[in-house]
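Reader: I have a chain open in my viewer and would like to talk through its side chains. Could you take my questions one at a time?

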Amino acid sequence: MRHFTFTTDDLAAIRHDRFHHPHPRVQQKMEALWLKSQGLTHEAIARLAGVSRRTVQRYLDEFAAGGLEQVRRLPWKGKGNELAAHQGSLEDYFVEHPHRST
């Protein structure tokens, strides 16, 4: 099993992002890193985080390769749609005509 060293700055960022990052997948990754920093095994981390052991290994590989910035990265782009071509004009319209209620 590999050994990971987490700096105090890393731990502070992980502690914050596991609950406050805007994307739930990043929160899940940070939870796995937090559990690893507490000395848990990969099997225990997988069980507590609700992911597979291989997923835990991938999260740790990301951290080893590029630190927290790599872990925060979301590599997929999603599918395009018909409105994507009109994004600029839609944004301009809503800036000029803000909605009054939701």
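Author: Gladly! One caution before we begin: this is a predicted model. A good starting point is Arg18, which is found in helix α1, residues 8-20.

Reader: Is Arg18 buried or exposed?

Author: The cut-off for buried is under 20% relative accessible area. Arg18 has a relative accessible area of 15%, so this arginine falls under the cut-off and counts as buried.

Reader: Thanks! What does Arg18 touch, and with which residue does Arg18 form a salt bridge?

Author: Not counting residues up to four places away in sequence, Arg18 touches Gln27, Met30, Glu31 and Trp34. Side chains of opposite charge can pair when their charged atoms come close. Here the closest N and O atoms are 2.8 Å apart, and the salt bridge partner of Arg18 is Glu31.

Reader: Which helices does that pair link?

Author: The two residues are 13 apart in sequence, and the pair links distant parts of the chain. Arg18 sits in helix α1 and Glu31 in helix α2, so the answer is α1 and α2. As for cover, Glu31 is partly exposed, at 22% relative accessibility.

Reader: How many salt bridges does the whole structure hold, and which one involves Glu43?

Author: A search of the whole structure finds six. In one of them, Glu43 meets a side chain with an N to O distance of 2.7 Å. That pair links helix α3 with helix α4, across 10 residues of sequence. The partner of Glu43 is Arg53.

Reader: And which residue forms a salt bridge with Asp61?

Author: Asp61 lies in helix α4 and is partly exposed, with a relative accessible area of 31%. Leaving aside neighbours within four places in sequence, Asp61 is in contact with Arg2 and Arg54. The salt bridge, at 3.9 Å from N to O, is with Arg54.

Reader: Let's turn to the rings. How many aromatic pairs are there, and why is the pair of Phe4 and Phe63 called tilted?

Author: The structure holds three aromatic pairs. For Phe4 and Phe63, the ring centres are 6.4 Å apart. Planes under 30 degrees apart count as stacked and over 60 as edge-to-face, with the rest tilted. This pair is tilted because its planes stand at 55 degrees.

Reader: Where in the chain do Phe4 and Phe63 lie?

Author: They are 59 residues apart, and their pair links distant parts of the chain. Both are buried, Phe4 with a relative accessible area of 12% and Phe63 at 9%. Phe4 is in the segment before α1, and Phe63 is in helix α4.

Reader: How are the rings of Phe6 and Phe63 arranged?

Author: Their centres are 5.0 Å apart. The planes are at 25 degrees, so this pair is stacked.

Reader: Which residues form the aromatic cluster?

Author: Phe63 pairs with Phe4 and also with Phe6. The single cluster is therefore made of Phe4, Phe6 and Phe63.

Reader: One last topic: how many residues are in the largest nonpolar core, and which residues form a nonpolar patch on the surface?

Author: The largest core has 19 residues, and Phe6 and Phe63 are among those with the most contacts inside it. Helices α2, α3 and α4 each supply at least two residues of this core. On the surface, a nonpolar patch has about 420 Å² of accessible area together, and its members are Leu83, Leu90, Tyr93 and Phe94.

Note on methods:
Residues are numbered from 1 along each chain as its sequence is written. This is a predicted model: local features need pLDDT of at least 70, side-chain atom pairs count only at pLDDT 80 or more; totals for chains, interfaces and linings use all residues. Side-chain values use heavy atoms; hydrogens and water are left out. A nonpolar core is a set of buried Ala, Val, Leu, Ile, Met, Phe, Trp, Tyr and Cys residues joined through side-chain atoms within 4.5 Å. Buried means under 20% relative accessible area, exposed over 50%, partly exposed in between (1.4 Å probe, protein chains only). Helices (H or I, at least four residues) and strands (E, at least two) are DSSP runs, numbered from the N terminus. Patches are made of residues with over 30% relative accessible area and no salt bridge: like charges are joined within 9 Å, nonpolar side chains (Val, Leu, Ile, Met, Phe, Trp, Tyr) within 5 Å. Accessible areas come from the Shrake-Rupley method with a 1.4 Å probe; for residues, only the protein chains shown count as cover. A salt bridge is a side-chain nitrogen of Lys or Arg within 4 Å of a carboxyl oxygen of Asp or Glu. Contact means heavy atoms within 4.5 Å. Rings of Phe, Tyr and Trp (its six-membered ring) pair if their centres lie within 6.5 Å; planes under 30 degrees apart count as stacked, over 60 as edge-to-face and the rest as tilted.
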